[in-house]
Amino acid sequence: MSDLRDRLQHLAALPADRPSGMRGAFYTSPEQFAHEAATVLRRGWHCLGREDEIPEPGDFFTVQLLNEPLIVVRGDDGEIRALANVCRHRGMPLAEGRGNVKRFICSYHAWAYGRDGALLRAARMENAGFDAKSCRLHGHNLQLWNGFIYVSLDAKAAPFEHPELDALIEPYEPKKFRLVHVAEENWHCNWKCLVENFMEGYHLSVVHPQTLHGYTPTGLARKLIAGEGYTSYAANYPDGIPPRGMGAPGLSRDEMMRSTLFAKFPTQVASQAASLLVSLSIFPLDAGTIRVKWTMSTYGEDLDDAVIAARIKLWEEVNAEDRAKLERMQVALASDHAGEGPLAGEDYEGTVRDFQSWLAAQDRVAEAVTA
């Protein structure tokens with residue numbers, strides 16, 4: 001395992017014109033996954049979904065982030081919280097799926113909690129050592145950004161700031177997008193493989209000849225900005241292709257004629273276009289399995305119901321195409337012959353190198369903390 005981390009440092013330090021990918025074990029090793037779960041994944045900020053998934057007080061959804069079950073709920077005060085989905089009595093989960101509640105009631109012994117996590121009722125608890133105030137649900141570190149909800153399992157994680165990425169997507173007015181679709185499924189691939197796949201335009205024309213090539217051909221992919229914790233690229237549309245919706249009134253011609261794809265490391269990838277915002281939240285389960293939650297949002301009332309239905313169908317097909325390729329690749333990555341391979345140029349796989357460099361930097365931080 002330490003050999004994999006050493007190789008990551010070596011590859012991240014290669015000259016920019018000689019990039020190389022990691023060998024297969026980086027994506028299949030249970031030991032490597034355990035290291036990531038204890039470091040970069042536990043410390044990182046993970047996108048759990050959209051704010052307008054839970055618009056009203058009491059609206060909630062549940063999610064599993066590594067070994068932590070969470071309830072994401074809007075409280076009576078309108079604030080969004082991420083609470084531990086674990087009863088303080090004997091550890092029973094309090095909720096599943098999504099819905100709206102006045103309180104969370106444990107199905108084991110009927111302890112009841114408010115929408116802020118406070119313990120409201122614990123029948124027959126008369127022991128002298130019982131203190132209801134000390135039995136509130138744990139609240140996880142939460143941050144909202146451009147309509148998305150993020151959580152870090154590290155209570156000491158500092159709030160993130162991405163001013164250059166903000167400037168890149170701010171013209172699209174992401175907070176004015178409304179949720180129209182949510183779906184979840186398990187994919188049998190490594191979490192890093194999906195981040196890398198979504199964030200490079202090199203595969204677009206090959207893997208998506210019918211679904212994406214006509215609008216976002218590989219040859220028009222161009223690298224955009226990268227920074228601490230993110231990368232981005234433009235999937236540009238060919239000349240003569242009509243815009244796919246008008247979007248925000250201040251968009252430039254270039255912004256209207258592309259999909260702006262960005263990754264917020266470690267586990268969110270998204271495509272921001274004039275009238276459509278698609279985000280994939282990746283929840284790693286083990287070295288070869290992930291839970292993928294994807295949301296689609298549209299700019300105000302820019303698209304009618306028929307167009308939205310068509311866009312959902314298109315993205316279902318795109319995701320299915322990517323999933324099929326990644327699941328086949330995951331099997332082959334276990335081969336002794338899945339070695340380090342050269343990456344394509346900056347516009348096509350420069351984003352993969354950005355991710356690689358960020359992972360290497362996170363390992364250096366982890367080593368410094370434990371030294």
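This is a short talk on one sheet and two cavities.

The model is predicted: local features need pLDDT of at least 70, side-chain atom pairs count only at pLDDT 80 or more, and totals for chains, interfaces and linings use all residues. Residues are numbered from 1 along each chain as its sequence is written, and side-chain values use heavy atoms, without hydrogens and water.

I start with the sheet. Seven strands (DSSP runs of E, at least two residues, numbered from the N terminus) make an open sheet, ordered β11-β17-β16-β15-β14-β13-β12, with antiparallel pairing; a pair needs at least two DSSP bridges. β11 (177–187) and β12 (221–227) are at the edges with a single partner strand each, so one side of each has no neighbour in the sheet. From one strand to the next, the twist averages 15 degrees, where axes are lines fitted to C-alpha atoms and angles run from 0 to 180 degrees between N-to-C directions.

β16 (residues 276–286) and β17 (residues 289–299) are joined by ten bridges. Ile-282 has Val-292 in β17 as its bridge partner.

Now the cavities. A cavity is a set of points on a 1 Å grid over the protein atoms alone where a 1.4 Å probe fits but cannot get out, and lining residues have an atom within 4 Å of a point. There are two of 30 Å³ or more, a volume being the space filled by probe spheres set on the points.

The largest has about 330 Å³. Its lining has 25 residues, with Leu-212, Thr-216, Ser-259, Ser-271 and Trp-315 nearest the centre. The second largest holds about 50 Å³, and its lining includes Leu-8, Phe-26 and Asp-363.

Definitions and conventions. Helix = DSSP H or I, 4+ residues; strand = E, 2+ residues; numbered from the N terminus. 1 Å grid on protein atoms, 1.4 Å probe; cavity = no way out; pocket = protein on both sides within 12 Å on 5 of 7 lines; lining within 4 Å.
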